[in-house]
Amino acid sequence: MQTAAETVQPDAAPYLRGLGGIIGQPAVVSVLRSALASGRPHHAYLFDGPEGIGKATTAKALMAALNCMAPPSAGDACGSCESCLKIASGSHPDFIVAHMELAGLADEIERLIKRLCFRPVEGRAQVVLIDPADQLTAPTALVAANRLLKTLEEPRPDTHFVLISTSANGLLQTIRSRCQRLRFVPLSDDLIRQALKTQHALDEETALSVTALSQGSLGKAVRCAQDPDSLKKRQTEASGLLAAAKAGRAVEICQRASEIGADREEAVEVLELVWLSLHAELRRHGKLGLLSQSQRLAQALRAVRETQTAIRRYTSAPLSLERLGRHLHGALGRAQLQPAQPGEHAR
Amino acid sequence: MEFRIEKAALLQALYYAQGIADRKSTMPILANVLLRSDGPDRITVAATDLNITVTTELPCEVSSEGGLTASAKHLHDIVKSLPSDKLSLRRADNNYAELVSGKANYKVVGLPDRDFPKLPPHKDVQFYRVDGAVLRDLIAKTFFSISADETRSHLNGVLLECDGDGEQAFARMVSTDGHRLSKCERPLPGAPKLMPGVVIPRRGLIELRRALEGSGGNVEIASHNQYFYLRTGATVLSVRLTEASFPPYEQVIPRDHQRRVVVKRSELFDALKRIVLVASEKTWGVRMNIASGQMRIESDNPDLGQGREELDVGYQGVDCNIGFNAKYMIELLSEIDTPEVQLELNGDLDPGVLRPLDDKQGVGNQYLGVIMPMRL
């Protein structure tokens, strides 16, 4: 009944090879492998690390490895058995993906708890994916987070939670303490370029340029490659904001802040480009040995990161951006008007 | 896959299937019905919400083997309104289900049948033929006291136990929500031994009850691994069992009593139904004052008013005052069919037992409800 066209290519879905398909995360893979080999994987993992570096993919790989009917070795999956194919098509009933929209989150968690009273439907184990777990830190999600605690602490023996977080320190201590935390690291440029070419069939040139923007995130690289228009738009917005801030054009800063801040997610992405551009500048100055300028840039970079965190944590995006604009002017604007004197300390 | 089938038979199977298929689930395939060939002259029609699965085997002419899935509701609605008695269904490209009947031709969007959850293995299980009416009675007499809290999975269902052999076999169902408990035993000749028992979840009981209502007389049951099965004709309903263990209910049922009150069922039932109208809507608490030969039921609700009922009862002994949730009593009384009932009490804060007054009561055939008293 299965036709050749429907067979999933392992290259397109690396998790179908189990943990063997996960690139660039040797430490995480080794912990998971030894847990699987001992037959006692932890009941709750917290996958922590920047976006787009394989956390959700690893969760799927874990699911595939736990349920594969003919695993080549502990931690790997065959990619062709019934269980693996169902994971690939997203129809495995034991891979439970929680919907983490804030509206109705408490009800969703309640449904999840009810469902987890039962054994896996057809596999040996069930994996519950909570992605992004950071949603549980929102003030309105406190009830949901607390409801989850009992099940998260002591699920059925064949149930494994995977919480995915980009800022695990913000999670409730009570949630963190129930999980085994595995830190994911940004991928190397070589790995990203290679993956873009093999898994996403990009040519060498595009792969190179996109890798430069990706900051070790394959997910980000793929998104950039798939949507060049919005990347261009973000780049224009980022350079506009930076220029206005450097020149101290207060009105323009306010205008740009309200435009960019209209979409919270988008604002974080634009700030990422601001960060990248400042970072590139810092590298140049570092090479030239301009210490004072470098300190100012480092200060600006920190301010960008703080603003991103603030926007993610539901502060007003336009206001945060305006504040950042003033900060950047303070750090960079004066530096340009008054060239740094030898021995001067950054403000 | 392709087959040709009688419309009426397929429609009946699709009717069951669309009742179970879960359209609200996050897994789109659960809204679909599975049609899979099972040899050259047979297909299986199945739907599931992961906890409850219905499968029907139908005779048909299979011209090419395989399977397909399509929206249960849409397929049902289309088949229902087809004009001719026979139709043929086949899997077209891109998982479409193509339906041809006379001059009508429909294509329904589908999903590959290999993505459909595995069906419970009812073919490997031994079934036992029992009287469906008894099962229906057992469910009715215990269903109302199931806990509504679905997160307490051990209480969100009924414990089913079967004991005794052959003609002496009997079945027992027990349910409790922590404030009250109902236990019913009925002879069920031919039932399989089920000790320790299994906990059938509330949702599953609703479907079992529906299936039992539709089937007159004998049905076949089985319990294996994590499923309870009910077969009526060619249809098998599989209910996934709760694995949590049921609390030790025998400890809750008082072994003896100091006071025994005999009262006419209909009088007590009617009086409680009236007095509950002025009881607190949160607790439904009423006070019972029992003296020799007389029971006084009172309710006092500052928002609504007061009510008092007096009944003649068979009781000799010291006066006693006790509070109960009237709704609990009413639900229990509405399932009792003897003219008189017996209320067994100990202290004012000890649980009361209500049971039908009947000579036939004994091991294997009894009904009782335990109700915790209230401080009023």
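**Exercise 1.** In this predicted model, work out in which strand of chain B the residue B:Asn32 lies, and decide whether B:Asn32 counts as buried or exposed.

*Solution.* Begin with the secondary structure, where B:Asn32 is found in strand 2 of chain B, a strand that covers residues 32–37. Next take the relative accessibility of B:Asn32, which is 6%, and set this value beside the cut-off for a buried residue, which is under 20%. B:Asn32 therefore counts as buried.

**Exercise 2.** Describe the surroundings of B:Asn32 by naming residues that B:Asn32 touches and the backbone atom that lies 3.4 Å from a polar atom of its side chain.

*Solution.* Leaving aside residues up to four places away in sequence, B:Asn32 touches a set of residues that includes B:Ala21, B:Thr69, B:Ser71, B:Leu111 and B:Phe116. Then look at the polar atoms: the atom at 3.4 Å from a polar atom of the B:Asn32 side chain is the backbone nitrogen of B:Ser71.

**Exercise 3.** Characterise the contact between chain A and chain B, starting from its residues and its buried area and ending with its salt bridges.

*Solution.* Chain A contributes 23 residues to the contact and chain B contributes 25 residues, while the area buried between the two chains is about 2,200 Å², with 52% of it on carbon and sulfur atoms. Turning to charged pairs, there are 2 salt bridges between the chains, and a salt bridge joins the side chains of A:Arg119 and B:Glu243, with 2.5 Å from N to O. On the side of chain A that touches chain B, the elements giving two or more residues are helix 3 (82–89) and helix 4 (105–115), and the residues of this side comprise 9 nonpolar, 5 polar and 9 charged.

Definitions and conventions:
Residues are numbered from 1 along each chain as its sequence is written. Chains are lettered from A and ligands numbered from 1 in the order in which they are written. This is a predicted model: local features need pLDDT of at least 70, side-chain atom pairs count only at pLDDT 80 or more; totals for chains, interfaces and linings use all residues. Side-chain values use heavy atoms; hydrogens and water are left out. Contact means heavy atoms within 4.5 Å. Buried area is the accessible area (1.4 Å probe) that two parts lose on being put together, summed over both. A salt bridge is a side-chain nitrogen of Lys or Arg within 4 Å of a carboxyl oxygen of Asp or Glu. Helices (H or I, at least four residues) and strands (E, at least two) are DSSP runs, numbered from the N terminus. Ala, Val, Leu, Ile, Met, Phe, Trp, Tyr, Cys and Pro count as nonpolar, Asp, Glu, Lys and Arg as charged, and the others, Gly among them, as polar. Buried means under 20% relative accessible area, exposed over 50%, partly exposed in between (1.4 Å probe, protein chains only). A polar contact is a pair of N or O atoms within 3.5 Å; within protein, one must be able to donate a hydrogen and the other to accept it, and residues adjacent in sequence count only if both atoms are side-chain atoms.
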